[in-house]
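The following note sets out points for a colleague who is reviewing the model. It takes up the annotated domains, the strand pairing and the contact between the chains.

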Number of protein chains: 2
Amino acid sequence: MPYRAPVNEFRFIFDHVVDLASVAAEERFAEATPETVEAVLVEAGRVCEEVVAPTLRNGDTSPARLENGVVRTSPGFDTAYGAIAEGGWVAVSADPEHGGMGLPVAMTTAVNDMLSSANLALQLCPLLTQGQIEALEHHASDEMRALYLPKLISGEWTGTMNLTEPQAGSDVGALRSKAEADEDGTYRISGQKIYISWGDHDLAENVCHLVLARLPDAAPGTKGISLFMVPKYVPTEDGGVGPANGVRTVSLEHKMGLHGSPTAVLEFDEAKGWLVGPEHGGMKAMFTMMNNARLGVGVQGVGVAEGAYQHALAYAMDRKQGKSLVENGTGSIVDHADVRRMLATMKAETFAARAITLACAVAIDRSTASGTAEWQARAALLTPIAKAFGTDTGIAVADLGIQVHGGMGFVEETGAAQYLRDVRVTAIYEGTNGIQAMDLVARKMADGGEAAFALLDEIEAFAETARESMPDLAAPVWDAAETLRETVEWLVAQGDLNARFAGSAPFLRGFARVLGGYYHLRAAMAEPGGARERLARFYIARILPEHEGLLAHARAGAEDLYALTPDDLAA
Amino acid sequence: MPYRAPVNEFRFIFDHVVDLASVAAEERFAEATPETVEAVLVEAGRVCEEVVAPTLRNGDTSPARLENGVVRTSPGFDTAYGAIAEGGWVAVSADPEHGGMGLPVAMTTAVNDMLSSANLALQLCPLLTQGQIEALEHHASDEMRALYLPKLISGEWTGTMNLTEPQAGSDVGALRSKAEADEDGTYRISGQKIYISWGDHDLAENVCHLVLARLPDAAPGTKGISLFMVPKYVPTEDGGVGPANGVRTVSLEHKMGLHGSPTAVLEFDEAKGWLVGPEHGGMKAMFTMMNNARLGVGVQGVGVAEGAYQHALAYAMDRKQGKSLVENGTGSIVDHADVRRMLATMKAETFAARAITLACAVAIDRSTASGTAEWQARAALLTPIAKAFGTDTGIAVADLGIQVHGGMGFVEETGAAQYLRDVRVTAIYEGTNGIQAMDLVARKMADGGEAAFALLDEIEAFAETARESMPDLAAPVWDAAETLRETVEWLVAQGDLNARFAGSAPFLRGFARVLGGYYHLRAAMAEPGGARERLARFYIARILPEHEGLLAHARAGAEDLYALTPDDLAA
């Protein structure tokens, strides 16, 4: 089932749903002309279709493996990675000063989306590099940037992020890795890090680890954490690769999916490291990297949803089974109501999730270009939603993809199961989706709901306008926005944070439902009477109503939840 | 994480939720005394805990394999299977005349639930045997019953069902396997069958295949299908094992999960077969087997939900991470609101699904004992709901179990991922859950909704009574039943079946939501002020509201769905 890059879909969303033109109108992104946007979509799409996608199954059937201390990647990954690096697709938004394209994050998002459909396991490698580039652009010294950025942007070297330790997962502040200053201004880093994606491999000359560790005089918790660059090979003065550093790949995890991505346990033993940002200021730099990565991971979910959808649709269009009840049907199982419902759900949800991630990207770009608090707040608000809903959609759509395949869906050779097994981790890494939901109702509502209300104003204003020509679509979207507004009002009035947390995950999902309704309505209004209006109609009548149950859950508070004691749970 | 059989849970549900006493009051089930029920639960629970559960991971890590034409099962499966057979747990409800216990299907359901938690892949083997026993009890000749039933009931031989062919999955009528009569009254069976669970193995002396095939003069479609018994080894007169029959294991599938269960492609080449039931009457006998199996597969989902829940709860109680916001907490991640929400959801959903399967089993038992049309209709109505909601719950709970584990959930050694990979197929086999939903809105509503209305009357009457002491729980359940009633009224008024099919899957789920509310309310009323009331409160406030969105979807009709053309889907 060859993957087909949804170039038209990006064009449409950019033009009619998230207003990319408003980004291109900013001087900072003057280069993002319609011609450039077109060229990037088409060319990156071509590489994904022709070079990357054919390697997808290899990653699953021939996982990365650790041989004599060295990680060997899956067959074909070197060629595919080479094409990604050569095309400049590692760092579409990186600073042109060091070889980047300087294009909006919206363009990076579209490219990451396509790469994720084509081969999620491989795409994770440049995604991590992107995060490292951004962290270095903001926090590294001039020398470090001059040395590392050209190598990372070209893809000659790759980046990793080293946070997690066995006792320090979601609670980063509990980490124990140590850093000691040397006389030459460098540091000696020691400790063990786990879950290091692409922690070692043979695709690039060097692997650059950004490592969180504690200096001897550090305070406990997150305030005592510093960030260090610890490359696998110590760079030479001229940007070449010198002697091996004190970092060793102990083992690779045996995972449910994403087998093509080596997940390493790394042991740092007095490895040479360079401080990034100030001492004890590591969390701030790491947050830069993580914030970028949150959107990036949400987009991974969208990309997998697209891949799984195309795969299931092709199967369904081809599969003949049973008598159809429709006249002039295709003769395939697409004619069956429940199969069509599943496919329509997959398509409608993928659109909603993609629109949310691209709206988040545009908000980041507007914020970068204008520096206004409003766009910063919008980007901050949308990031946890993009991450959690994007990945939840990837999982749900991949799961439906299996179901569309029937018995064939459970057989690995079909490839349908791989999408689900691969994408499952995206709801966990980069902050579990539960953590995203807590972020949404706490930090992102610390403004008293201002950013959320601004977005709801926009939605309701649009729905008001749409009410004239499409009342049956506009009215439910307006009503849903109003229910969400009441829920936000309820949330911000809760002084006890746990009252917000208790329903935070359903709240995030309910929020995404309303956003999905809004973006579907925009799409319908842009092409009245067309396929997009029909898809919007399906979504608004059948999927949008879920927001009521979800938001009721969000407003239920913590009392009945904590009334259920651990003893009750174990009873 | 050792599995603990939930014996108290079965006791409670039998006593307070599904009224097992009404079954035991029937003469047919006079042996199901409280003492016998207790002994079965405790002893079967002990075997599951001590002998079966320890083999769960083996099935995944050392899959069944085909060696020189013979299937070798996973390490330890022989011992575990031996204990199941020896305890009499293959055929709790089978006729005592041939060695069964003659106990209610409700007891079989409880035993299957525990076996499914302990090792789903292995449990599938006796589950198939159970279906075969029932088919033979109803449709085989006296001689065939005398020969096969003692062997199947004791577990010395096992049974399989052979329906699917590459072009004939959900559409059984498209099958092409052939049967030709021989002079001695037997038949020669030829053809290829796929997806044959436990199609070959080394756990028992003989493997008895029930095979659907066509006689030369057969009509096309399901009306021309006959059923044959085709044993791997031709039995001798005295019930021993004779020469090998003409059936060959061609290959085993490489599946997403359930690796311990060998899924075979079988080639029948003029194999000797014996007719079961009349010529061209195969579908009826097969339906007996399939109907039994539908409840059995729903129970598989419940069992996996229980296993995944216990596994996740143990992890969460042990795992320390981050600061808790609750006073006097456990210090583990159970204190975190979203983790507690996930665990409470898992527990509340497992209870709802278990109550539905046991209510279905009780309806089957009442129907068997009394033969009344009312109980037959109740059993028929609940069967597709038990199958689809039971398995969907298994999948959803196993998925939440992964999420509770965080990063560890994606690492296979933890065992959390196996539950999801194993249980995923249960939504597909024995009629996909989409097929179940179609069955519910078409065949099971062919009575104009009578069976559904009778159940809703029962629910509303109970809610009325409960309103006095627990108004905040009873009112939402009554309201939900009323919304479901309106939806059923809408459905049965639709002459166009596709208008029902278009929302059939959400309808089935919405129906299950209402049933869940009812059974939780019964549990709360039985133990007011206790843990069960607290769990009911959680379910009714947070999960029950989903029925509104689901039933709105159910009433949306087919128009907007079919307005989305295949071209739209491919756009």
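What are the helix and strand contents of residues 80–156 of chain A, and how far apart are the end C-alpha atoms?

1. Residues 80–156 of chain A are 71% helix and 0% strand, with the end C-alpha atoms 14 Å apart. The structure is a predicted model, and the statements below should be read accordingly. In UniProt, an unreviewed entry assigns this span to "domain: Acyl-CoA dehydrogenase/oxidase N-terminal".

2. A further annotation from the unreviewed UniProt entry, "domain: Acyl-CoA dehydrogenase/oxidase C-terminal", takes in residues 281–443 of chain A. Helix accounts for 74% of that span and strand for 0%, and 20 Å separates the C-alpha atoms at its ends.

3. Residues 455–564 of chain A carry the UniProt label "domain: Acetyl-CoA dehydrogenase-like C-terminal", again from an unreviewed entry. Here the helix content is 80% and the strand content 0%, while the end C-alpha atoms lie 36 Å apart.

4. Strand pairing in chain A may be illustrated by E8 (residues 233–235) and E9 (residues 241–244), which run antiparallel and are joined by two bridges. A:Tyr233 has A:Ala244 in E9(A) as its bridge partner. The two strands, E8(A) and E9(A), make a hairpin with five residues between them. Within the turn, A:Gly239 adopts a positive phi of about 85°.

5. In chain B, strand E11 (residues 263–276) pairs with strand E5 (residues 187–197) in the antiparallel sense, over eight bridges. One bridge in this pairing sets B:Arg188 against B:Lys272 of E11(B).

6. Strand E10 (residues 247–252) of chain B is also antiparallel to E11(B), with five bridges between them. B:Leu252 has B:Ala264 in E11(B) as its bridge partner. Strand E7 (residues 226–231) of chain B pairs with E11(B) over three bridges, likewise in the antiparallel sense. In that pairing, B:Phe228 is placed opposite B:Leu275 of E11(B).

7. Which residues supply the greatest share of the area that chain A buries against chain B? Chain A and chain B together bury about 7400 Å², of which 61% is on carbon and sulfur atoms. A:Phe410, A:Arg542 and A:Leu569 contribute 12% of the area buried by chain A against chain B, more than any other three residues. The contact itself involves 89 residues of chain A and 89 residues of chain B.

8. How many salt bridges are there between chain A and chain B? The count is six salt bridges. A:Arg542 takes part in a salt bridge with B:Asp560, their side chains meeting at 2.7 Å, N to O. A:Arg542 is also one of the three residues named above for their share of the buried area. Between the chains, 48 residue pairs are in polar contact, both residues being at pLDDT 80 or more. On the side of chain A that touches chain B, the residues comprise 44 nonpolar, 22 polar and 23 charged.

Definitions and conventions. Residues are numbered from 1 along each chain as its sequence is written. Chains are lettered from A and ligands numbered from 1 in the order in which they are written. This is a predicted model: local features need pLDDT of at least 70, side-chain atom pairs count only at pLDDT 80 or more; totals for chains, interfaces and linings use all residues. Side-chain values use heavy atoms; hydrogens and water are left out. Contact means heavy atoms within 4.5 Å. Buried area is the accessible area (1.4 Å probe) that two parts lose on being put together, summed over both. A salt bridge is a side-chain nitrogen of Lys or Arg within 4 Å of a carboxyl oxygen of Asp or Glu. A polar contact is a pair of N or O atoms within 3.5 Å; within protein, one must be able to donate a hydrogen and the other to accept it, and residues adjacent in sequence count only if both atoms are side-chain atoms. Ala, Val, Leu, Ile, Met, Phe, Trp, Tyr, Cys and Pro count as nonpolar, Asp, Glu, Lys and Arg as charged, and the others, Gly among them, as polar. UniProt positions are given in the numbering used here, feature names are shortened, and annotations may be inferred rather than shown by experiment. Helices (H or I, at least four residues) and strands (E, at least two) are DSSP runs, numbered from the N terminus. Two strands pair if DSSP finds at least two bridges between them.
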